[in-house]
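The following paragraphs go from the overall fold to the nonpolar interior. The model is a predicted one.

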Amino acid sequence: MLHIIYGREYPEQVDAIVIGAGMGGLVCANFLARGGMKVLLLERHYALGGFCSTFTRKGFVFDAATHFYPLLGNPSTLTGKLLRELEIPTEWVKMDPVDQYHFPGLPPFAVPADFEQYLEKLRAWFPQEAAAIDAYFAEVRQAYLYGLLLYFREVANEPAQRLAKFTVTEKLDQHFHDPRLKAILMADSPHWGSLPSRTSYLFDAMLRMAYFLGNYYPLGGSQRFADDLGIALQARGGRILKYAEVQSILIEEGKARGVRIRTLSRRAPREYVFRSPIVVSNADALHTYRDLIGAEKCGPAAIEHLESLSPTYPCFLMHLGLRGMDPEALARAEGYYWSSFDPEDAIRTVFKIFIPTHFAPGVAPPGCQILIVQKLTPVRLEQVTDWAAHRAAVEGEIMARLRQILPGIEDHIVVKSSATALTSFRYTNNWQGAMLGWEMSPQQLGAARLPSATPIDNLYLTGHWTRPGGGVTPVIISAQRVAQSILSGRPGGSTS
């Protein structure tokens with residue numbers, strides 16, 4: 001039987017249904033299709049990619065949220081090899097420096113893409129702590145290798161289990177005395193959507209060392225990468241249905257058996273049922289269990305567990321389309337801005353400036369540039385009563401700082417757009433508009449990120465909440481693992 005939706009035919013029965021076309025959904029769907037399965041990918045928006053998508057205003061192509069992709073442009077890395085397996089043609093621009101940090105009373109600290117150069121620079125800036133720097137990064141290397149073995153190879157080992165109990169702050173305090181050095185070594189911690197005092201040292205070490213295998217920006221913007229994954233899926237016989245909101249996952253005798261969807265175009269909404277022996281959710285885990293399945297089907301324990309976890313903070317995003325700014329001045333302005341060396345400022349005053357036209361000029365009209373600001377906002381959706389006032393207040397704070405950093409910037413603004421925590425929630429259904437799903441604290445790594453057991457078979461979860469944590473690289477590896485599990489016939493049930 002076929003459904004006719006938006007004038008196109010879609011089979012009612014498929015081998016696997018994937019909910020959500022974020023990175024996890026796109027990658028998992030591709031591997032399933034590559035393995036010979038008939039796959040239907042459902043997305044409620046007009047664009048693929050989730051946070052890894054773009055939107056266009058007056059010729060400016062803005063990255064919705066994600067602005068760099070570790071490892072993906074390096075074919076020798078695990079994720080680079082996975083994309084090569086899928087024959088994804090996205091072109092990548094290597095970012096060097098990896099990042100830049102601005103602290104009061106210090107010159108900007110640009111992080112070289114070469115790891116040894118990075119260590120040399122740290123030693124030159126802080127010669128009195130040179131031995132401690134070497135000892136710290138010897139341990140970071142160990143955490144990186146044993147963490148990969150535990151979380152990506154699923155091989156339990158004592159070093160990873162021992163280091164997993166520490167936060168970033170605890171390890172920095174163990175090794176160093178100079179607060180300026182400690183601040184530089186955790187200056188990008190807002191990228192994890194949490195405070196360094198709550199972020200897992202083991203998680204941080206794995207992702208931090210990955211930067212030195214290559215940080216990349218997709219030529220043409222994030223949408224190019226997402227669309228390339230979509231094209232590859234369709235070339236493998238997979239079907240993609242956009243403007244399709246999943247209303248419920250159909251559970252019969254404790255097994256996932258399909259989904260009920262509702263169309264979201266300008267036409268009157270219509271409901272359809274698709275059937276499949278496999279359902280993969282790339283949606284938010286709490287949304288999946290609480291809203292798409294319901295406590296009567298999955299039991300209250302699963303929902304209670306997810307509600308007990310701490311989410312990462314939402315990220316406020318400001319997108320500026322500029323005309324006629326000095327590209328060199330913009331390049332110097334890139335990076336994280338701290339008002340003190342206090343780690344708690346990560347959720348107060350810290351923000352990051354990213355200039356995508358520095359890496360891919362074609363995302364803006366000729367003679368124009370794009371500036372994106374990212375700032376953590378420690379808010380909960382139910383506590384904000386006036387979102388317009390909240391948006392205006394945060395915008396005002398950011399613009400005041402931008403006028404100091406780039407005098408005269410307002411004379412160059414062609415387009416200005418902002419996204420709050422509510423915007424993120426509306427587009428992703430992430431609980432509390434979370435930046436990276438659940439916080440990557442020592443208590444919330446690995447199996448702790450999902451309910452330990454539910455009575456539902458043939459349901460698989462993949463995405464930013466699964467082990468070892470958030471970020472595009474773990475999501476891609478997790479998605480491949482889920483597909484591998486399905487294709488090998490291993491039983492489902494909240495698999496990550």
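The protein chain contains 16 helices and 22 strands. Its radius of gyration is 22 Å, close to the 23 Å that the globule rule gives for 496 residues, so the chain is as compact as a globular protein of that length. Taken along the principal axes, the C-alpha atoms fill a box of roughly 70 × 55 × 45 Å.

How are the contacts of the protein chain spread along the sequence? Among those between residues at least 6 apart in sequence, 70% join residues at least 24 apart.

Of the 496 residues, 62% count as buried. The protein chain exposes about 19,300 Å², and carbon and sulfur atoms supply 51% of that area. As for charge, there are 49 positive and 48 negative charges, and the mean positions of the two sets are 5 Å apart.

In soluble globular proteins, nonpolar side chains tend to be buried together. Here the largest nonpolar core has 116 residues. Within this core, the residues with the most contacts are Leu 32, Tyr 118, Phe 137 and Phe 225. Helix 4, which spans residues 130–151, gives the most to the core, with 9 residues.

Tyr 118 can be followed further. With its neighbours within four places in sequence left aside, Tyr 118 is in contact with Phe 109, Val 111, Pro 112, Phe 137, Leu 185 and Phe 212. Phe 137, one of these partners, is itself among the residues with the most contacts inside the largest core.

Apart from the largest core lies another, of 34 residues. Its members include Ile 5, Ala 244, Leu 306 and Leu 459.

Definitions and conventions:
Residues are numbered from 1 along each chain as its sequence is written. This is a predicted model: local features need pLDDT of at least 70, side-chain atom pairs count only at pLDDT 80 or more; totals for chains, interfaces and linings use all residues. Side-chain values use heavy atoms; hydrogens and water are left out. Helices (H or I, at least four residues) and strands (E, at least two) are DSSP runs, numbered from the N terminus. The radius of gyration is taken over C-alpha atoms; the globule rule is 2.2 Å times the number of residues to the power 0.38. Buried means under 20% relative accessible area, exposed over 50%, partly exposed in between (1.4 Å probe, protein chains only). Contact means heavy atoms within 4.5 Å. Accessible areas come from the Shrake-Rupley method with a 1.4 Å probe; for residues, only the protein chains shown count as cover. Lys and Arg count as positive and Asp and Glu as negative; His and the chain ends are not counted. The place of a charge is taken as NZ of Lys, CZ of Arg, CG of Asp or CD of Glu. A nonpolar core is a set of buried Ala, Val, Leu, Ile, Met, Phe, Trp, Tyr and Cys residues joined through side-chain atoms within 4.5 Å.
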